[in-house]
Amino acid sequence: MSAPKKLFVKTYGCQMNVYDSERMAEALGSEGYEQVATAEEADMILLNTCHIREKAAEKVYSELGRFRPLREAKPDLKIGVAGCVAQAEGEEIMRRQPMVDLVVGPQTYHRLPAMARAVEAGEKALDTDFPEEDKFLHLPKARKPRRGPTAFLTVQEGCDKFCAFCVVPYTRGAEVSRPVERLLTEARELVDRGVREITLLGQNVNAYHGQGPDGEWGLARLIRAMAEIDGLDRIRFTTSHPNDMEDDLIAAHGDCAKLMPYLHLPVQSGSDRVLKAMNRKHNAAEYVALIARIRAARPDLLLSGDFIVGFPGETEEEFQATLDLVEAVGYGQAYSFKYSARPGTPAAEKPPVPDEVASERLQRLQALLGRQQRAAQDAMVGREVRVLFEKPGREAGQLIGKSDYLHAVHADAPADLIGQIATVRIVESRANSLKGELVTQSVSA
Ligand code: SAH
Ligand code: SF4
Ligand code: F3S
């Protein structure tokens, strides 16, 4: 057999891309590629890209520029661009950066083996279709090695919501749910390989409506079925839209012990006028009332959100409404962004808020969210929490893992606790993590 060819994959953007990168590496594995940790060793470099904000897309072009010396030193080096920039820009990428041999959109990476053969033969390969077939079904079914204790599992892809600022409906296409049986099989396989925690993924994961044995299932039913899998101890899901937060899913937060008390539920703005202009289809009061219902089901829920400041036309008063909503709701974790005009989206046609104004608002919002995040973390001190240990920590003898609330926790613990859930007493709240002391080891949740 010839020596394995070396593949370097770099991933940008959301967790869907992390999941897709793993699947792409598996698809190329069937062509004799083995993953390596640096671009320098690679025979093929694949950038799995994100188009959500302008900066994310520009990063891809500057990264490609940095590969020039590598290509000059190794003319056979193949360079590919995958993901949402590939979908949005297509051939334009090869025009702007002629070094690029391969462009593959997020819906066609099951065709990568054939594309890899084409580029190895010196051709260029481009595929940004939205095919009918399920890209996941075409992936190799070979027995896979053991892996770390946490995994992502894509259950739903694409989005039909068309928020006025967002590229996802264009780069990922229409909303599609994967069938229940496939997902349960994939989840069982992951558990057999050592996985204890699965995060169900989708751009609009709570809009999931996959074909089940007796008709369509929603996300709550899928979660309840996954909770029956022995050896799977924790279930999470992301990202959700407030309008798809159905009663059964709210109830599951209260009665499904394996569903973790953490919810990422973006609201984007606290101003009703801005929410309408964003095409979010709910107002601020409805969101606040929804959070109250979810918290009634699960009082210790740690809530996370996404915010955009400086959406076209946003006034100081409207921005203030976002701060008020944040004060009223209380977030344990959050992501906040300055609005970035994306070509082809309706909001990009509108006159922007001056950059200095948007930057200043972002600072104020982040200061408030930062205080809330810190308070939520500090409130853990003195409590006993369950931690799924994932890997060794920075200091000798230490392990690091996540609590039910998704806080990073490190504690002195024996290495054989990696992949196990243990009870840890939190003794200190640090900048981005909690320090704990091991109380007892418990093998299951
Ligand atoms: N499907 C999810 C989020 C997908 S994108 C949802 O509906 O909430 C992740 C986040 O990026 C969004 O929640 C939004 O806050 C941010 N985002 C998307 N487009 C953006 C843009 N044009 N400018 C700034 N932030 C944006
Ligand atoms: Fe984008 Fe809105 Fe769809 Fe989320 S719901 S992916 S923000 S269009
Ligand atoms: Fe980015 Fe595409 Fe995800 S644009 S956020 S990688 S869906």
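The C-alpha centres of domain 1 and domain 3 lie 35 Å apart. The model is predicted. The domain assignment of the protein places domain 1 at residues 5-135, domain 2 at 145-378 and domain 3 at 384-438.

**The sheet**

Six strands form an open sheet. Their order is β2-β1-β3-β4-β5-β6, and the pairing is parallel. Which strands sit at the edges? They are β2 (33-35) and β6 (125-127), each of which pairs on one side only. On average, neighbouring strands of this sheet are turned by 20° against each other, direction ignored.

Take the pairing of β3 with β4. Strand β3 covers residues 44-49 and strand β4 covers residues 78-82. The two run parallel and are joined by 5 bridges. Met-44 stands opposite Lys-78 in β4.

Helices lie across these strands. Helix α1 (residues 15-29) lies across β1 (5-11), β2, β3 and β4. Its direction is about 155° to β3. Helix α2 (residues 54-66) lies across β1, β3 and β4. Helix α2 runs at about 170° to β3.

**A helix pair**

Two packed helices are described by the angle between their axes and the distance between the axes. How do α13 and α14 cross, and at roughly what angle? The axes of α13 (residues 316-329) and α14 (residues 355-378) come within 10 Å and cross at roughly 5°. Angles under 35 degrees count as roughly parallel, so α13 is roughly parallel to α14.

From α13, the contact takes in Glu-316, Phe-319, Gln-320, Thr-322, Leu-323, Val-326 and Glu-327. They meet Arg-361, Arg-364, Leu-365, Leu-368, Leu-369 and Gln-372 in α14. The residues of this contact divide into 6 nonpolar, 3 polar and 4 charged.

**Two ligand shells**

Which residues surround ligand 2? The shell includes Cys-159, Cys-163 and Cys-166. Lys-161, Phe-162, Phe-165, Val-168 and Pro-169 are also there. Asn-204, His-241 and Arg-280 complete the list.

Around ligand 3 are Cys-14, Asn-17, Thr-49, Cys-50, His-51 and Ile-52. Cys-84, Arg-172 and Gln-203 are there too. By class, the two shells break down as follows.

| Shell | Nonpolar | Polar | Charged |
|---|---|---|---|
| Ligand 2 | 7 residues | 2 residues | 2 residues |
| Ligand 3 | 4 residues | 4 residues | 1 residue |

Some of these residues can be placed in the fold. Thr-49 belongs to the shell of ligand 3, and strand β3 spans residues 44-49.

Definitions and conventions. Residues are numbered from 1 along each chain as its sequence is written. Chains are lettered from A and ligands numbered from 1 in the order in which they are written. This is a predicted model: local features need pLDDT of at least 70, side-chain atom pairs count only at pLDDT 80 or more; totals for chains, interfaces and linings use all residues. Side-chain values use heavy atoms; hydrogens and water are left out. A residue is near a molecule or strand if one of its heavy atoms lies within 4 Å of it. Ala, Val, Leu, Ile, Met, Phe, Trp, Tyr, Cys and Pro count as nonpolar, Asp, Glu, Lys and Arg as charged, and the others, Gly among them, as polar. Domain bounds come from an automatic or database domain assignment. Axes are lines fitted to C-alpha atoms, for helices over the stretch in contact, and angles run from 0 to 180 degrees between N-to-C directions. Helices (H or I, at least four residues) and strands (E, at least two) are DSSP runs, numbered from the N terminus. Angles under 35 degrees count as roughly parallel, over 145 as roughly antiparallel, 65 to 115 as roughly perpendicular and the rest as oblique. Contact means heavy atoms within 4.5 Å. Two strands pair if DSSP finds at least two bridges between them.
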